Amino acid sequence: MNFLAHLHLATLSESSLLGNLMADFVRGDPSQQWDVPVADGIRLHRRLDSLTDQLPEVRAARQLFRQETRRVSPVTLDVIWDHFLARDWNLYCPDIALGDFCDQAEQQIRPFLTRTPAEFRALNQWMWPERWLEKYARKERLEVVLQGMAKRRPKLEKLRHSYQDFTDNYAALDQLFSEFYPGLMQLASEKRL
(Lines give C-alpha, C1' and ligand atoms only; values in the text may rest on other atoms or scores of the structure.)
Protein backbone atom coordinates (compact mmCIF):
# COMPACT_ATOMS: atom_id res chain seq x y z
CA MET A 1 0.00 0.00 0.00
CA ASN A 2 1.10 3.53 -0.68
CA PHE A 3 -0.02 6.92 0.63
CA LEU A 4 -3.64 6.95 -0.53
CA ALA A 5 -4.50 3.41 0.55
CA HIS A 6 -2.89 3.92 3.95
CA LEU A 7 -4.90 7.10 4.50
CA HIS A 8 -8.11 5.45 3.32
CA LEU A 9 -7.71 2.38 5.50
CA ALA A 10 -6.64 4.53 8.47
CA THR A 11 -9.84 6.53 8.08
CA LEU A 12 -11.90 3.34 8.06
CA SER A 13 -10.02 2.17 11.17
CA GLU A 14 -10.45 5.55 12.88
CA SER A 15 -6.67 5.64 13.24
CA SER A 16 -4.26 8.58 13.19
CA LEU A 17 -3.75 9.80 9.64
CA LEU A 18 -0.50 11.42 10.68
CA GLY A 19 0.85 8.16 12.09
CA ASN A 20 -0.26 6.12 9.11
CA LEU A 21 1.19 8.52 6.54
CA MET A 22 4.43 9.14 8.46
CA ALA A 23 5.24 5.51 9.33
CA ASP A 24 7.87 4.97 6.62
CA PHE A 25 9.81 7.92 8.03
CA VAL A 26 9.94 6.61 11.61
CA ARG A 27 12.42 3.97 12.81
CA GLY A 28 12.18 1.83 15.91
CA ASP A 29 9.53 1.83 18.60
CA PRO A 30 7.15 4.71 17.82
CA SER A 31 5.95 4.95 21.42
CA GLN A 32 9.38 6.35 22.35
CA GLN A 33 8.79 9.43 20.17
CA TRP A 34 5.05 9.87 19.64
CA ASP A 35 1.84 10.05 21.60
CA VAL A 36 -0.39 6.98 21.70
CA PRO A 37 -2.71 7.73 18.74
CA VAL A 38 0.20 8.56 16.39
CA ALA A 39 2.25 5.57 17.59
CA ASP A 40 -0.77 3.32 17.08
CA GLY A 41 -1.16 4.72 13.56
CA ILE A 42 2.47 3.94 12.79
CA ARG A 43 1.97 0.39 14.06
CA LEU A 44 -1.19 -0.01 11.96
CA HIS A 45 0.73 1.07 8.85
CA ARG A 46 3.43 -1.50 9.59
CA ARG A 47 0.91 -4.30 10.21
CA LEU A 48 -0.89 -3.43 7.00
CA ASP A 49 2.34 -3.53 4.99
CA SER A 50 3.20 -6.92 6.45
CA LEU A 51 -0.29 -8.31 5.87
CA THR A 52 -0.50 -7.02 2.32
CA ASP A 53 2.88 -8.49 1.36
CA GLN A 54 1.60 -11.94 2.40
CA LEU A 55 -1.68 -11.84 0.46
CA PRO A 56 -1.87 -14.47 -2.30
CA GLU A 57 -3.05 -11.81 -4.77
CA VAL A 58 -0.01 -9.65 -4.05
CA ARG A 59 2.34 -12.62 -4.36
CA ALA A 60 0.68 -13.42 -7.70
CA ALA A 61 1.09 -9.79 -8.79
CA ARG A 62 4.84 -9.96 -8.13
CA GLN A 63 5.10 -12.90 -10.52
CA LEU A 64 3.79 -10.69 -13.34
CA PHE A 65 7.01 -8.66 -13.27
CA ARG A 66 9.95 -9.49 -15.50
CA GLN A 67 13.03 -10.98 -13.86
CA GLU A 68 14.93 -7.70 -14.18
CA THR A 69 12.29 -5.72 -12.25
CA ARG A 70 10.93 -8.31 -9.84
CA ARG A 71 13.21 -7.14 -7.01
CA VAL A 72 11.54 -3.70 -7.05
CA SER A 73 8.05 -5.07 -7.63
CA PRO A 74 6.91 -4.48 -4.02
CA VAL A 75 7.65 -0.76 -4.36
CA THR A 76 6.04 -0.60 -7.80
CA LEU A 77 2.97 -2.46 -6.56
CA ASP A 78 2.49 0.01 -3.71
CA VAL A 79 2.13 2.78 -6.29
CA ILE A 80 0.00 0.62 -8.59
CA TRP A 81 -2.48 -0.15 -5.80
CA ASP A 82 -2.87 3.59 -5.19
CA HIS A 83 -3.58 4.05 -8.90
CA PHE A 84 -6.44 1.58 -8.88
CA LEU A 85 -7.84 3.04 -5.66
CA ALA A 86 -7.69 6.60 -7.02
CA ARG A 87 -9.09 5.58 -10.41
CA ASP A 88 -12.03 3.74 -8.84
CA TRP A 89 -12.38 5.93 -5.75
CA ASN A 90 -16.15 6.28 -6.19
CA LEU A 91 -16.54 2.50 -6.01
CA TYR A 92 -14.54 2.14 -2.81
CA CYS A 93 -15.54 5.37 -1.12
CA PRO A 94 -18.78 6.72 -2.62
CA ASP A 95 -19.55 9.06 0.28
CA ILE A 96 -16.79 11.60 -0.40
CA ALA A 97 -15.03 12.79 -3.53
CA LEU A 98 -11.32 11.99 -3.73
CA GLY A 99 -10.36 15.67 -3.76
CA ASP A 100 -12.43 16.35 -0.65
CA PHE A 101 -10.95 13.30 1.09
CA CYS A 102 -7.43 14.56 0.33
CA ASP A 103 -8.28 18.05 1.58
CA GLN A 104 -9.62 16.61 4.85
CA ALA A 105 -6.55 14.41 5.28
CA GLU A 106 -4.25 17.37 4.73
CA GLN A 107 -6.19 19.45 7.26
CA GLN A 108 -5.74 16.72 9.87
CA ILE A 109 -2.01 16.28 9.19
CA ARG A 110 -0.70 19.79 8.47
CA PRO A 111 -1.00 21.23 12.04
CA PHE A 112 1.45 18.61 13.34
CA LEU A 113 4.12 18.78 10.64
CA THR A 114 6.57 21.00 12.52
CA ARG A 115 7.58 18.19 14.85
CA THR A 116 7.82 15.45 12.21
CA PRO A 117 10.97 14.18 10.41
CA ALA A 118 12.43 16.58 7.81
CA GLU A 119 11.89 14.16 4.91
CA PHE A 120 8.25 13.79 5.86
CA ARG A 121 7.80 17.57 5.98
CA ALA A 122 9.39 17.81 2.54
CA LEU A 123 6.99 15.18 1.20
CA ASN A 124 4.01 17.11 2.53
CA GLN A 125 5.34 20.35 1.09
CA TRP A 126 4.87 18.92 -2.42
CA MET A 127 2.25 16.17 -2.11
CA TRP A 128 -0.75 18.26 -1.10
CA PRO A 129 -0.35 21.39 -3.27
CA GLU A 130 0.51 19.29 -6.33
CA ARG A 131 -2.45 16.93 -5.69
CA TRP A 132 -0.34 13.78 -6.03
CA LEU A 133 -2.97 11.41 -4.66
CA GLU A 134 -5.59 12.59 -7.13
CA LYS A 135 -3.13 12.40 -10.03
CA TYR A 136 -2.51 8.74 -9.23
CA ALA A 137 -5.82 8.05 -10.98
CA ARG A 138 -4.14 8.71 -14.33
CA LYS A 139 -2.30 5.63 -15.55
CA GLU A 140 0.47 7.61 -17.24
CA ARG A 141 1.20 9.48 -13.99
CA LEU A 142 2.74 6.32 -12.57
CA GLU A 143 5.60 6.52 -15.05
CA VAL A 144 6.50 9.96 -13.66
CA VAL A 145 6.22 8.68 -10.08
CA LEU A 146 8.39 5.61 -10.69
CA GLN A 147 11.01 7.62 -12.61
CA GLY A 148 11.19 10.13 -9.76
CA MET A 149 11.58 7.41 -7.14
CA ALA A 150 14.34 5.76 -9.17
CA LYS A 151 16.19 9.06 -9.48
CA ARG A 152 16.02 9.80 -5.74
CA ARG A 153 17.02 6.31 -4.61
CA PRO A 154 19.81 4.72 -6.67
CA LYS A 155 19.17 1.30 -5.04
CA LEU A 156 15.77 1.38 -6.76
CA GLU A 157 17.09 2.23 -10.23
CA LYS A 158 15.12 -0.67 -11.76
CA LEU A 159 11.90 1.23 -10.99
CA ARG A 160 12.63 3.09 -14.25
CA HIS A 161 11.72 -0.08 -16.10
CA SER A 162 8.84 -1.38 -13.98
CA TYR A 163 6.26 0.91 -15.60
CA GLN A 164 6.35 -1.50 -18.56
CA ASP A 165 5.35 -4.36 -16.27
CA PHE A 166 2.44 -2.24 -15.05
CA THR A 167 1.17 -1.45 -18.55
CA ASP A 168 1.80 -4.97 -19.90
CA ASN A 169 -0.21 -6.53 -17.05
CA TYR A 170 -2.71 -3.76 -16.40
CA ALA A 171 -5.88 -5.88 -16.56
CA ALA A 172 -4.45 -8.68 -14.39
CA LEU A 173 -3.20 -6.22 -11.76
CA ASP A 174 -6.54 -4.44 -11.78
CA GLN A 175 -8.31 -7.74 -11.17
CA LEU A 176 -5.99 -8.70 -8.32
CA PHE A 177 -6.51 -5.35 -6.59
CA SER A 178 -10.29 -5.67 -6.87
CA GLU A 179 -10.04 -9.09 -5.26
CA PHE A 180 -8.05 -8.14 -2.16
CA TYR A 181 -8.78 -4.49 -1.39
CA PRO A 182 -12.42 -4.88 -0.28
CA GLY A 183 -11.25 -7.45 2.27
CA LEU A 184 -8.75 -4.97 3.69
CA MET A 185 -11.48 -2.35 3.85
CA GLN A 186 -13.67 -4.74 5.82
CA LEU A 187 -10.89 -5.57 8.25
CA ALA A 188 -10.19 -1.85 8.70
CA SER A 189 -13.85 -1.04 9.29
CA GLU A 190 -14.04 -3.83 11.86
CA LYS A 191 -10.78 -2.58 13.45
CA ARG A 192 -9.16 -5.96 12.89
CA LEU A 193 -6.00 -4.78 11.12
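**Entry 1: Phe177.** I looked up the accessibility of Phe177 in this predicted model. Its relative accessibility is 1%, which is under the 20% limit, so I recorded Phe177 as buried. I then asked which ring Phe177 pairs with in helix 12. Phe177 forms an aromatic pair with Phe180, with 5.5 Å from centre to centre and 80° between the planes; the pair is edge-to-face. Both residues lie in helix 12, three residues apart, which is about one turn of the helix.

**Entry 2: Phe180 and Trp81.** I turned next to the burial of Phe180. At 4% relative accessibility, Phe180 counts as buried. For Trp81 I noted 1% relative accessibility, and so I entered Trp81 as buried also.

I looked up how the rings of Trp81 and Phe180 are placed. Their centres are 5.0 Å apart and their planes stand at 80°; because an angle over 60 degrees counts as edge-to-face, I classed the pair that way. This pair links distant parts of the chain: Trp81 belongs to helix 5 and Phe180 to helix 12 (residues 170-189), with their positions 99 residues apart in numbering.

**Entry 3: the ring cluster.** I asked how many aromatic pairs the rule gives. The count comes to 13. I then followed the ring pairs and found that they link Trp81, Phe84, Tyr92, Tyr163, Phe166, Tyr170, Phe177, Phe180 and Tyr181 into a cluster. Both pairs entered above fall within this cluster, since Trp81, Phe177 and Phe180 are among the residues linked.

For Tyr170, another member of the cluster, I noted a charged neighbour: Lys139 lies over the face of the Tyr170 ring, at 4.3 Å from the ring centre.

**Entry 4: the cavity.** I searched for enclosed space and found one cavity of 30 Å³ or more. The space in this largest cavity is about 30 Å³. I asked which residues line the largest cavity. They are Thr52, Asp53, Val58, Arg62, Pro74, Leu77, Asp78 and Trp81. Helix 3 (36-54), helix 4 (56-62) and helix 5 (73-87) are the elements that give two or more residues to this lining. Helix 5 gives the most, with four residues.

I sorted the lining by class and obtained four nonpolar, one polar and three charged residues.

**Entry 5: Trp81 again.** I closed by collecting the entries on Trp81. Trp81 is buried at 1% relative accessibility, its ring pairs edge-to-face with that of Phe180, and Trp81 is one of the residues lining the largest cavity.

Conventions:
Residues numbered from 1 in each chain as written. Predicted model: local features only at pLDDT ≥ 70, side-chain atom pairs only at ≥ 80, totals over all residues. Heavy atoms only, no water. 1 Å grid on protein atoms, 1.4 Å probe; cavity = no way out; pocket = protein on both sides within 12 Å on 5 of 7 lines; lining within 4 Å. Points joined across faces, edges and corners; volume = space filled by probe spheres on them. Nonpolar A, V, L, I, M, F, W, Y, C, P; charged D, E, K, R; others polar. Phe/Tyr/Trp six-rings, centres within 6.5 Å; stacked < 30°, edge-to-face > 60°. Buried < 20%, exposed > 50% of the residue type's maximum accessible area, 1.4 Å probe, protein only. Lys NZ or Arg CZ within 6 Å of the ring centre and 35° of its normal.
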